[in-house]
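Dear colleague,

Please find below the structure that I am handing over to you. A summary of what was found in it follows.

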Amino acid sequence: MSTVGAGIPEPPRDEPNSAWLSDDELEWVRGRIPLLYVEAVPVRVDGLGVVSQVGVLLRANAAGEITRTLVSGRVMYGETIRDALFRHLEKDLGPMAFPQLPTSPVPFHVAEYFPIPGLSAYVDDRQHAVSLAFVVPVTGTCEPRQDALELTWVTPGEASSASFHDELEGGRGTLLRAALASVGVLG
């Protein structure tokens, strides 16, 4: 494999989607530059557009612990924020979730994750990452896929509680509370 610039591995030319990095390439990049992510808080809204339910995923983390988390993932090179949001919502919630994405999404929050605890409310042991966070109404049937074990729908009041906050890893409880505040339903 050849290198480009300062030792950055060049993706194989015959790979149909060269925006993907191999595990080794991703580890190399994560150790050197912040990566851009999107995170989504799926919600159900009533007829007036008020959030009535909040969706949170149940997953096993890298340490094998079962934790709650949000829909999230990297933005690929050449991918729009809107396309990245849609791809991750479909990947985590299934193709029948029917997310209602605006034409030009605007995040409610920008979360900066660090591998060192204490630099921000958000921690990711693997990397320094910047995440654009969105509240996204979904209208269809959600069936978790990929590494998600289940999707739990809770009321905004339940999602606002300190005990629920503690079940989310990496500071995502803080992010969930910011999401609820951004749509006026923080309990």
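**Strand pairing**

Ala111 stands opposite Ser131 in strand 9. Please note that this is a predicted model. Strand 7 and strand 9 run antiparallel and are joined by five bridges. Strand 7 also pairs with strand 8 (residues 122-123); here the two run parallel, and two bridges join them. Within strand 8, Val123 is the residue that Phe114 stands opposite.

**The aromatic pair**

The structure holds one aromatic pair. Its members are Tyr113 and Tyr122, with ring centres 5.3 Å apart and an angle of 50° between the planes. The arrangement is tilted, because an angle under 30 degrees would count as stacked and one over 60 as edge-to-face. Both rings belong to buried residues: Tyr113 has a relative accessible area of 3%, and Tyr122 has 7%.

**Nonpolar cores**

In soluble globular proteins, nonpolar side chains tend to be buried together. The largest nonpolar core in this model has 24 residues. Those with the most contacts inside this core are Val41, Val54, Ala159, Phe164, Leu175 and Leu176. Two or more residues each are given to the core by helix 1 (23-30), strand 3, strand 4, strand 7 (109-114), strand 9 and helix 5.

Val54 deserves a separate word. When its neighbours within four places in sequence are left aside, Val54 is in contact with Val41, Pro42, Val43, Thr152, Trp153, Val154, Pro156, Ala159, Leu176 and Leu180. Of these partners, Val41, Ala159 and Leu176 are also among the residues with the most contacts inside the largest core.

Another core lies apart from the largest one and has 18 residues, among them Ala40, Leu57, Leu101 and Leu151.

**Salt bridges**

Side chains of opposite charge can pair when their charged atoms come close. The structure holds seven salt bridges, and three of them are described here.

One of the seven is formed by Glu39 and Arg172, whose closest N and O atoms are 2.7 Å apart. This pair links distant parts of the chain, since Glu39 lies in strand 3 (residues 35-45) and Arg172 in helix 5 (residues 172-182), 133 residues apart. Glu39 and Arg172 are both buried.

A second salt bridge joins the side chains of Arg59 and Asp147, at 2.9 Å from N to O. Arg59 belongs to strand 4 (residues 51-60), whereas Asp147 sits in the loop between strand 9 (129-137) and strand 10 (148-154), so the bridge ties together parts that are 88 residues apart in sequence. How buried or exposed are the two partners, Arg59 and Asp147? Arg59 counts as buried because its relative accessibility is 9%, under the 20% limit. Asp147, by contrast, is partly exposed, with a relative accessible area of 43%.

A further salt bridge is made by Asp92 and Lys91, with 3.2 Å from N to O. Asp92 is buried, at a relative accessible area of 0%, while Lys91 counts as partly exposed at 24%. Which residues do shared salt-bridge partners join into one network? They are Arg59, Lys91, Asp92 and Asp147. The network therefore includes the buried residues Arg59 and Asp92 as well as the partly exposed residues Lys91 and Asp147.

With kind regards

Technical notes: Residues numbered from 1 in each chain as written. Predicted model: local features only at pLDDT ≥ 70, side-chain atom pairs only at ≥ 80, totals over all residues. Heavy atoms only, no water. Salt bridge = Lys/Arg side-chain N within 4 Å of Asp/Glu carboxyl O. Helix = DSSP H or I, 4+ residues; strand = E, 2+ residues; numbered from the N terminus. Buried < 20%, exposed > 50% of the residue type's maximum accessible area, 1.4 Å probe, protein only. Core = buried A, V, L, I, M, F, W, Y, C linked by side-chain atoms within 4.5 Å. Contact = heavy atoms within 4.5 Å. Phe/Tyr/Trp six-rings, centres within 6.5 Å; stacked < 30°, edge-to-face > 60°. Pairing = 2+ DSSP bridges.
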